[in-house]
Amino acid sequence: MPAGLDDTESELIERILTNADKTAMGSEDVKVYLKVDDISASVSEADKNLIDGVKGDATVGIYLDIDLFKKVGLTETQITETNGAITISLELPSSLINTNPAITRTYKVVRIHDGVATVIPATFANGKITFATDEFSTYALAYVDQQNNSGGGNTGGGSTDGGNTGGGNTDGGNAGENVYYIDL
């Protein structure tokens, strides 16, 4: 599932790196990367139950494991919480995008972190869902379909402000992997 970090480089530096990491930037190679895996086939029943408790009438379309990492020199570290929210954009699989003009689809993002499920505000535009988070673990992308009264409809629904389109750069990572790198 293609993904990217939409914040500027300076925002990512402030929210992800420690003071020691920032100092090392002058002499060490520093990378931040996002790893996104579809875990729909392996998500735990406990996580499903937590999500079911907050998603309301939404249907879960996909469960994801979203992990954030930093690599300073040769030292790689998984980040489970950042110093502030960072913006993530995920390209939705075509199976989750509504193509029926008689239906309006709205999306929800549910995050589970430290045993707590939280609905996170998200926007949908141009086949991507965008949201901000400061915790990384299990996520669910859910949707609600509503019949249109006028019959005109919208084919994708949800909020369409597009979210932040700032400076993150995604070079696609390694072929065959769901890893998206940003050099700082």
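Biologist: How many of the 11 residues of strand 6 are buried?
Modeller: This is a predicted model: local features need pLDDT of at least 70, side-chain atom pairs count only at pLDDT 80 or more, and totals for chains, interfaces and linings use all residues. Residues are numbered from 1 along each chain as its sequence is written; side-chain values use heavy atoms, without hydrogens and water. Strands (E, at least two residues) and helices (H or I, at least four) are DSSP runs, numbered from the N terminus, and buried means under 20% relative accessible area, exposed over 50%, partly exposed in between, with a 1.4 Å probe and protein chains only. Strand 6 is largely enclosed by the rest of the structure, because its buried residues number eight.

Biologist: Which residue in strand 10 stands opposite Lys108?
Modeller: Two strands pair if DSSP finds at least two bridges between them. Strand 6 and strand 10 are antiparallel over 10 bridges. Opposite Lys108 stands Ala142.

Biologist: Which residue in the turn between strand 6 and strand 7 has a positive phi?
Modeller: These strands pair antiparallel over five bridges, with Arg111 opposite Thr118. Two residues separate them in the hairpin. The phi of about 55 degrees belongs to Asp114.

Biologist: Which strand gives the largest share of the largest nonpolar core?
Modeller: A nonpolar core is a set of buried Ala, Val, Leu, Ile, Met, Phe, Trp, Tyr and Cys residues joined through side-chain atoms within 4.5 Å. This one has 35 residues, and Leu5, Leu34 and Leu141 are among those touching the most other members. Contributors of at least two residues include helix 1 (9-16) and strand 10 (138-147). The largest share, five residues, is from strand 3.

Biologist: Which strands stand at the edges of the open sheet 1-5-9-8?
Modeller: The four strands pair antiparallel. Each edge strand has a single partner, so one side of each lacks a neighbour in the sheet. They are strand 1 and strand 8.

Biologist: What angle does helix 1 make with strand 5?
Modeller: Axes are lines fitted to C-alpha atoms, for helices over the stretch in contact, and angles run from 0 to 180 degrees between N-to-C directions. Helix 1 packs on the sheet, touching strand 1 and strand 5, where contact means heavy atoms within 4.5 Å. The angle with strand 5 is about 135 degrees.

Biologist: Is Gly73 buried or exposed?
Modeller: Gly73 is in the loop between strand 3 and strand 4. Its contacts beyond four places in sequence are Glu28 and Asp29; the C-alpha atoms of Gly73 and Asp29 are 5.1 Å apart. At a relative accessible area of 14%, Gly73 is buried.
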